[in-house]
Amino acid sequence: MTDYETRKRELGVIDFSDMVTNAARILEEKPAVLGAIMDEVDCVIVDEFQDTNPIQFTFLWALARRAKRALIVGDTKQAIMGFQGADPRLTVALTQQFETSPLDRNWRSDPRIMDFVNALGPCLFGDDYTALAAQNAAGHDTALEVIELANKRGARSGGKPQHFIADRLLSLLTDDQVTIVDRHSKALRGLEPRDVAILCPTHNHCASYAAALRALGLPVRVAEGGWWQSKIVQAACFALRFAVDPADNHAAICTATLGPGATPLAEALGALARNGRIETPELAALQGLWPDSLATPVDRLVHQVIQVAGLRDWCDWLDDPAQMRADLLRFEAEAAAFMEAHRDMREASGFYGQSANVFLGWLENKVGLKGEDLRPNPAGAEADGIEIVTWHASKGREWPVVVVCGLDHKLDPRAGTFSTKFPGFDDLDHVIEEATLAYAPDFAAPEATARFLHELYPESEETARRLLYVALTRARDRLIIEWPQDDDKVEPPLPITARRLLNDVCGIKLQGNQITVGSANFPSRMTICDKEIPASFDTEGSVCLASSNREPRFAIEKRAVGSLVLVVSPSQAVATARPLPRQIETRAIAAGVRLSGSDLAQATDKGTAVHEALRILLSRPDLRDRVGQHCRVSDAEVQLLEQQAQALRQTLAELGYTRLHIEQPIELELADGGRQSIIVDLIAEGTDGFMIVDHKSGPVADHAARFESYWPQLAAYIDAVEFKAGKAVRSAAVFWTETGELTLGQVLCGTNERSNLTTPDWGMR
Ligand SMILES: Nc1ncnc2c1ncn2[C@@H]1O[C@H](COP(=O)(O)OP(=O)(O)OP(=O)(O)O)[C@@H](O)[C@H]1O
């Protein structure tokens with residue numbers, strides 16, 4: 001661990017837990033920082049407090065205890081993140097030391113579900129359990145249901161639990177009599193797949209239930225995250241990183257080992273150690289994209305990377321090729337979205353520039369937001385499907401109909417895992433200082449492992465109780481419990497399962513059409529399953545809920561897709577009908593600026609900074625003092641850019657253009673059905689026409705030749721400006737920021753006709 005810490009320091013990097021610990025340390029050691037933050041905060045609110053681990057707590061506590069007001073919301077009954085170091089005793093300690101106001105009402109569930117949960121509560125949590133009074137009226141339909149399985153989950157023949165659940169959901173969804181209360185209108189309406197969730201203990205369970213539902217043509221949303229971690233997406237990310245920085249060894253190793261070549265890790269590391277480089281065809285092809293990759297727009301670069309690394313073909317060799325292709329398509333779509341996202345929007349969320357690394361940071365940030373990591377469904381039109389989530393991921397969520405599955409899953413402590421131990425929580429200011437890390441070793445001899453695991457059983461059982469509580473409290477209208485066969489194990493240690501908790505701890509009994517808990521009876525619909533696979537699976541495919549052939553109620557309506565609209569960017573135009581100006585002259589108008597800041601490593605970042613600085617200096621010279629910090633450029637550079645802005649203004653005025661339109665957006669519909677969305681850096685307006693100026697931040701040697709190569713782009717701007725403004729563009733210019741020169745030419749054609757406005761010829765430049 002010490003070596004790890006030292007190495008991190010040497011490399012100047014931090015890991016995820018450092019982010020929280022360092023932040024907490026800064027607040028502790030630098031009162032001025034804490035003061036500056038707290039000056040801006042009126043109230044600190046922490047939700048889902050029971051899942052806060054003590055490291056996070058130290059950070060949040062530093063804020064909360066100095067806040068003018070603090071509100072902490074949590075429920076120890078739902079503390080299920082122990083594996084991340086959360087300790088429910090922290091919540092208990094807090095409730096003992098501060099004023100609390102218990103929540104004793106429930107606005108979610110049908111009272112018949114709540115009565116059942118309230119009967120189980122004291123069995124699971126003892127006297128600490130506060131019954132929640134249901135606030136909603138009882139519905140008209142069944143609220144509790146049990147599906148009792150005849151087979152054990154592992155039985156080799158007959159139907160599996162997922163078949164019976166899928167079969168039951170199919171009948172519910174095709175029965176017009178089944179209704180639920182619409183959350184918004186409060187009116188009764190028919191049940192739809194999106195109203196239903198299946199809660200499973202593990203991701204593997206989720207996958208098997210999804211497969212069974214799909215086999216019956218039921219639409220499914222496996223709401224587990226995983227797109228970002230999908231093999232193809234990770235491979236694409238690393239390949240992209242490598243394409244913009246072939247010296248990035250980490251990206252090289254990951255691309256070589258993850259990607260199509262599947263080089264063994266030892267081999268890749270060996271090659272790196274011996275030769276300082278790994279040689280694979282993919283890496284060679286990716287390296288070939290460099291250094292052009294630094295200046296290629298990200299969406300185009302992503303496309304090139306996928307092509308040269310052969311990622312699309314590789315999908316066919318992976319498990320679930322359709323899913324992989326869908327994942328990869330989303331990656332491409334995200335690159336396009338990144339390019340299209342308005343610069344201000346990106347910058348507002350802290351992402352400057354358009355480089356590949358900024359894109360990956362932007363994407364990672366986006367994926368981290370709730371609900372953004374879902375994998376696209378390869379079949380499409382599944383957004384309205386039945387959701388399948390783990391018990392853990394169901395926390396905080398709710399659905400009209402919830403099926404709780406996998407009560408037979410073992411929740412025993414596991415060997416080879418770490419846990420955090422805290423001696424006490426009396427002194428909330430110093431909880432972390434006494435903490436220790438405990439490890440449950442995994443020995444070859446099971447009895448040796450068992451000795452260590454033995455003492456973890458009580459804690460695991462507590463967690464199992466809370467997990468069960470979370471799962472049972474997600475339903476609004478109908479709670480369906482899959483009731484597995486017992487495992488028949490009688491010798492201790494008995495496995496910890498939710499089923500055993502319900503049987504042995506709560507004393508649940510299933511009798512006739514009711515569930516009995518102690519002396520209380522709860523009416524419930526009982527289905528006692530056969531051993532055989534349900535008949536609906538014999539006629540596989542004949543049920544017409546398949547995504548391509550589903551009734552409109554189950555899917556997005558089927559309709560012809562209109563012809564695609566081409567969105568065109570003039571910077572990609574490679575040809576124009578407009579003749580090149582006959583005379584092209586270049587004038588030096590100011591000193592050149594070449595940004596040197598290490599913050600702006602990529603060519604595109606530098607270009608963005610120059611454009612942004614000129615935009616501000618031309619349109620809001622009064623904000624000059626804030627340009628340096630905003631654009632991450634030095635004072636000396638701001639001064640040069642300011643001189644350039646003044647020189648531009650003056651030169652344009654001398655040419656007769658006194659009114660400037662800075663970064664003018666223009667949106668056009670083209671005659672051939674395309675759309676053009678452009679931003680012209682500078683449109684200068686004079687009495688009898690316009691001059692357009694485009695800033696270029698790269699080096700320039702042959703001005704006239706470069707002007708000519710940009711001419712299709714400038715011509716597209718001219719067309720657009722003439723069409724929108726109805727006045728002629730008299731001249732066009734490129735302002736080379738690196739040299740402070742202006743290259744300009746007289747525009748030869750007159751006012752454009754709308755019919756002339758067509759998609760510029762574009763392709764790979
Ligand atoms: N005062 C209220 N009036 C009507 N409906 C409410 C009210 N408060 C909450 N609800 C509804 O009750 C449901 C549960 O609310 P919410 O998710 O905030 O509860 P919670 O305490 O966070 O639940 P849990 O911790 O079990 O996930 C939601 O559908 C919410 O819209």
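Which strands does helix 7 (residues 161-173) lie across? The legends below take up this question and other close-up views of a predicted model, in which local features need pLDDT of at least 70, side-chain atom pairs count only at pLDDT 80 or more, and totals for chains, interfaces and linings use all residues. Residues are numbered from 1 along each chain as its sequence is written.

**View 1. Helix 7 lies across six named strands.** These are strand 5 (144-148), strand 8, strand 10 (386-390), strand 11, strand 14 (475-483) and strand 18. Helix 7 runs at about 140° to strand 5. Helices (H or I, at least four residues) and strands (E, at least two) are DSSP runs, numbered from the N terminus. Angles run from 0 to 180 degrees between N-to-C directions, and axes are lines fitted to C-alpha atoms, for helices over the stretch in contact.

**View 2. An open sheet is formed by 7 strands with parallel pairing.** The order is 9-10-8-11-14-5-18; two strands pair if DSSP finds at least two bridges between them. Strand 9 (220-222) and strand 18 (525-528) each have a single partner strand and stand at the edges, so one side of each lacks a neighbour in the sheet. From one strand to the next, the twist averages 20°. Within the sheet, strand 8 (residues 196-200) is joined to strand 11 (residues 399-404) by 4 bridges, and Ile-198 has Val-403 as its bridge partner.

**View 3. Helix 10 (residues 249-258) and helix 11 (residues 265-275) cross at roughly 145°.** Their axes come within 9 Å, and the crossing is right-handed (the near helix is turned clockwise from the far one by less than a right angle). Asn-249, Ile-253, Ala-256 and Thr-257 of helix 10 meet Leu-265, Ala-268, Leu-269 and Leu-272 of helix 11; residues are in contact if their C-beta atoms, placed from the backbone, lie within 7 Å. By class, this contact has 6 nonpolar, 2 polar and no charged residues. Ala, Val, Leu, Ile, Met, Phe, Trp, Tyr, Cys and Pro count as nonpolar, Asp, Glu, Lys and Arg as charged, and the others, Gly among them, as polar.

**View 4. Strand 23 (residues 675-686) and strand 24 (residues 689-696) form a hairpin.** Between the two strands lie 2 residues. The strands run antiparallel and are joined by 5 bridges, with Ile-692 as the bridge partner of Ile-683. Strand 24 also pairs with strand 25 (residues 729-736), in the parallel sense over 7 bridges. There, His-695 stands opposite Phe-735.

Technical notes. Contact = placed C-beta atoms within 7 Å.
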